[in-house]
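Hi,

Here is the structure I promised to pass on. Have a look at it first, and my notes follow underneath.

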2 protein chains.
Amino acid sequence: MSVLHGPVRGVRRDDPREDTRARIEQAALELFTAAGFEQVTIEEIAAAAGTSRRTFFRSVGSKADAVWGDFDGHVDRLATLLERSGDDVPVLTAVLAAYVEVNDYAPEDLPVLRQRMRLILTEPALQAHSQLRYADVDRVVAGYVARRGGESPTALVPRLVATATRAAATTAFEAWLSGAAPSLADALRTAFGQLAEGFPGLR
Amino acid sequence: MSVLHGPVRGVRRDDPREDTRARIEQAALELFTAAGFEQVTIEEIAAAAGTSRRTFFRSVGSKADAVWGDFDGHVDRLATLLERSGDDVPVLTAVLAAYVEVNDYAPEDLPVLRQRMRLILTEPALQAHSQLRYADVDRVVAGYVARRGGESPTALVPRLVATATRAAATTAFEAWLSGAAPSLADALRTAFGQLAEGFPGLR
DNA sequence: GTTGCTGGTGGCACCGGGTGCCCCTACGGT
DNA sequence: ACCGTAGGGGCACCCGGTGCCACCAGCAAC
């Protein structure tokens, strides 16, 4: 699951609030990458962004959010994509397609995405925080699977499909990050393919 | 993935250190269940256990560890079970069997297990922390799958099998907790079955 | 009995993330 | 000139977590 926010997040183009937020996120990303997430204090980030500790918390909410950015927007996009997918396409295929489209970034955005995902997947504190974000994603996917299958969103199969596909997505991200996969979309397709086949050769 | 520690954890039977630890964990569990994880402070737990804040941290390490208990021991048991499983049994079957055996509790231990898992699966702070524990489990399973398949533990398939089976295990735990499954072993078998079949009907 | 060591403990100061509250300042409308 | 409002800074506080030292059993050696 990725992290970059779309081109337009706020309402106005020169929103001063969004401006300081962007400055803070950028400063944070650089410092985290250089020195490690836990080694950098909020005060240092604020200083690097030319603002105060208090403003940091007001604009980004928490230290982890400085890395995650506007993830809620991505979850919303995922939900919209699933809602709009036709009922004729198989469930797993629809989920895969939604994951692929949500994570379709412009080439110039890929370096920053790498930076963020690298932090999220390697720094323990961010790894822990990720579970909370994943839970949001899982709720969306489970809801979709439940709707398609005429089941409750809390039934075993919808939950299982949601967590398993999300596990596949994060594994695909790891593979892409390590350079083992040519592209994110490719890694996602490979992982979902294995999942849908029930891991042939391991049974 | 469960949490209860085995009958003997320490070296001596009347280890005073183990004794205060057990008292603290019990007090913490009761308070967390009654008031919620974040609402209870370390000082309150220490007071309820008849000890001090400093001793709390010395004996249980962190607030989350008061709920998780000796999880490392479970990971070790899982690793041992996988090591000893024969090479003739299919990989997924071996992983399922290991999960089932690791989570085979005596009936009298089930209430406490429910209490702990309920907190871990519902309290956001503990949910976040769980990802770090799951990562340990995933490393063990990925290592086993890699060995059986002659691959690298960091290759896509071993990682994917590890995260997907663990996702199945946690989903099974949720189903068991909510009362939808008669037993933990049953829920695990159902979830692994779905996973191994590649979710028939959704493709 | 005194000495000395050791392990479990408590107290204390400190750090860092996070929040509530108040004040200041710049800006736009009237 | 007069406001209202929004973004920002400062400050005090809470809480989880750690390092350090001081205390006090118990126990071995002399």
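Helix α8 of chain B, residues 124-149, has 26 residues, which at 1.5 Å a residue should span 38 Å; its end C-alpha atoms are 36 Å apart, so the two agree. (The expected span is 1.5 Å times one less than the number of residues. Helices are DSSP runs of H or I with at least four residues, strands are E runs of at least two, and both are numbered from the N terminus.) Right after α8(B) comes Gly150(B), with a positive phi of about 65 degrees.

Before you go further: this is a predicted model, where local features need pLDDT of at least 70 and side-chain atom pairs count only at pLDDT 80 or more, while totals for chains, interfaces and linings use all residues. Residues are numbered from 1 along each chain as its sequence is written, chains are lettered from A and ligands numbered from 1 in the order in which they are written, and side-chain values use heavy atoms, with hydrogens and water left out.

On to the two protein copies. Chain A superposes on chain B by a rotation of 180 degrees with 0.0 Å of shift along the axis, at an RMSD of 0.0 Å (least squares on C-alpha atoms of residues with pLDDT of at least 70 in both). The copies are therefore related as by a two-fold rotation axis. The same surface serves both, as 100% of the contact residues of chain A recur in chain B (contact means heavy atoms within 4.5 Å).

Now the DNA. Around strand C there are 17 residues, the closest being Arg53(A), Arg54(A), Thr20(B), Thr55(B) and Arg58(B) (a residue is near if one of its heavy atoms lies within 4 Å). Of the strand C atoms that come within 4 Å of the protein, 45% belong to sugar and phosphate.

Some polar contacts to look up (pairs of N or O atoms within 3.5 Å):

- The side chain of Arg53(A) has an N or O atom 2.5 Å from a base oxygen of strand C.
- Arg54(A) puts a polar side-chain atom 2.4 Å from a base oxygen of strand C.
- Lys63(A) uses a backbone N or O atom, 2.9 Å from a phosphate oxygen of strand C.

The elements giving two or more residues to this surface are α3 of chain A plus α1 (16-35) and α3 of chain B.

Which residues are closest to strand D? They are Thr51(A), Thr55(A), Arg58(A), Arg53(B) and Arg54(B), out of 17 that surround the strand. Arg54(B) has a side-chain N or O atom 2.5 Å from a base oxygen of strand D. Backbone atoms meet phosphate oxygens of strand D too: Ile42(B) at 3.2 Å and Val40(B) at 3.4 Å. The residues near strand D divide into 4 nonpolar, 7 polar and 6 charged (Ala, Val, Leu, Ile, Met, Phe, Trp, Tyr, Cys and Pro are nonpolar; Asp, Glu, Lys and Arg charged; the others, Gly among them, polar).

Finally, the record. An unreviewed UniProt entry annotates residues 18-78 of chain A as "domain: HTH tetR-type", and that stretch is 74% helix and 0% strand. UniProt also places a "DNA-binding region" at residues 41-60 of chain A, which is 75% helix and 0% strand, with end C-alpha atoms 14 Å apart. (Positions follow the numbering used here, feature names are shortened, and annotations may be inferred rather than shown by experiment.)

Cheers

Technical notes
Polar contact = N/O pair within 3.5 Å; in protein donor to acceptor, adjacent residues only side chain to side chain.
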